[in-house]
Amino acid sequence: KLLLILCVVTGSAAFQFVYIPCEQGQPMEEWSLHPKDQEDEIGCLTNHLQLWYGKRGLTEEQKREFKEHVRMHLKKRNPAEKTEELLDNSMGNPDIASMADQILGSESVEIVTVLPPMSQFGYVTISLYIDDKGVARNLPHNHRATSLLETVSTRTGPILGDAFVAKTYDNEMGDHGGFRRLNLGVTDISSSAGWIKLCQRQKMLSIRNHEKVQSGSPNAH
């Protein structure tokens, strides 16, 4: 196993999480991160991944394409009579270029929780971390991460660019402030892993409930 140490400081215990590269020929890796203290446990991973994704940056062409994408998205989301208002600075409405610049000027990570914290599962949570600018950066399709997402949830891909998977304990009524990072290794990204089987069961229940609601069945729950 390849273990990459991102940060070594004193404080809370280090935890492992899994890196899923978008390149098919590159193996998954176990990375380790060490929070500065208990308070840092919640945001430490997101903060490090913002730096990781931000290293790629954006070309001027990609920025222009992203601004056009924002423009087209707003046009689809708003009635035709509102479109001109959105584009007109003089009416005090948001300027699309400025709005896009604000988005482009910040780095954020999309967090997709595939196993939410529930008492019957010991409040263990599994989440995927994804570059939210994958489209703007024109990143390649991450087939392994997309397959994992679609295996354990009702969401569909594609996931673009590198992805990460992490495990936590999240119980507001529990000890340790109700939140702590747990270890997740490459061997846990397997069809035989317990958490994946749990997610698949939850996915099937969700699909069945949706079908019952669609059919008007009184036993949807």
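In which elements of the protein chain is confidence lowest and highest? The model is predicted, and its mean pLDDT over the protein chain is 81, with 72% of the residues reaching 70 or more. Confidence is lowest in strand E1 (residues 3-7), where the mean is 38, and highest in E2, where the mean is 98. Strand E1 falls within residues 1-11, a stretch over which pLDDT stays under 50 and for which the model has 30 contacts beyond four places in sequence. In residues 87-93 pLDDT also stays under 50, and seven contacts beyond four places in sequence are present in the model. Where pLDDT is low, the predicted coordinates should not be read in detail.

The protein chain contains six helices and seven strands, arranged from the N terminus on as β-β-β-α-α-α-α-β-β-α-β-β-α. Of the contacts with a separation of 6 or more, 60% join residues 24 or more positions apart. Buried residues account for 37% of the 221 residues. The exposed area of the chain is about 12800 Å², of which carbon and sulfur atoms supply 51%.

In soluble globular proteins, nonpolar side chains tend to be buried together. The largest nonpolar core in the model comprises 24 residues, and Val-114, Leu-128, Leu-148, Val-165 and Trp-195 have the most contacts inside it. At least two residues of this core come from each of strand E2 (15-20), strand E4 (109-115), strand E5 (124-131), helix H5 (143-152), strand E6 (163-170) and helix H6 (194-215). A second, separate core has 13 residues, among them Phe-17, Trp-31, Leu-33 and Cys-44. Val-165, one of the residues with the most contacts inside the largest core, touches Phe-17 of the second core. Beyond four places in sequence, Val-165 also touches Val-18, Ile-20, Ile-126, Ser-127, Leu-128, Leu-148, Leu-184 and Ile-189.

Eleven aromatic pairs are found in the structure. In one of them, the ring centres of Phe-15 and Phe-17 lie 5.9 Å apart and the planes meet at 40 degrees, so the pair is classed as tilted. Phe-15 and Phe-17 are both buried. These two residues belong to a cluster, linked by ring pairs, that also includes Tyr-19, Trp-31, Trp-52, Tyr-53 and Phe-164. Phe-17 and Trp-31 thus appear both in this cluster and in the second core. A contact of another kind involves Tyr-169: the charged end of Arg-180 sits over the ring of Tyr-169, 4.3 Å from the ring centre.

Terms used:
Residues are numbered from 1 along each chain as its sequence is written. This is a predicted model: local features need pLDDT of at least 70, side-chain atom pairs count only at pLDDT 80 or more; totals for chains, interfaces and linings use all residues. Side-chain values use heavy atoms; hydrogens and water are left out. A nonpolar core is a set of buried Ala, Val, Leu, Ile, Met, Phe, Trp, Tyr and Cys residues joined through side-chain atoms within 4.5 Å. Buried means under 20% relative accessible area, exposed over 50%, partly exposed in between (1.4 Å probe, protein chains only). Contact means heavy atoms within 4.5 Å. Rings of Phe, Tyr and Trp (its six-membered ring) pair if their centres lie within 6.5 Å; planes under 30 degrees apart count as stacked, over 60 as edge-to-face and the rest as tilted. A charge sits over a ring if NZ of Lys or CZ of Arg is within 6 Å of the ring centre and within 35 degrees of the ring normal. pLDDT is the predictor's confidence in each residue, from 0 to 100. Accessible areas come from the Shrake-Rupley method with a 1.4 Å probe; for residues, only the protein chains shown count as cover.
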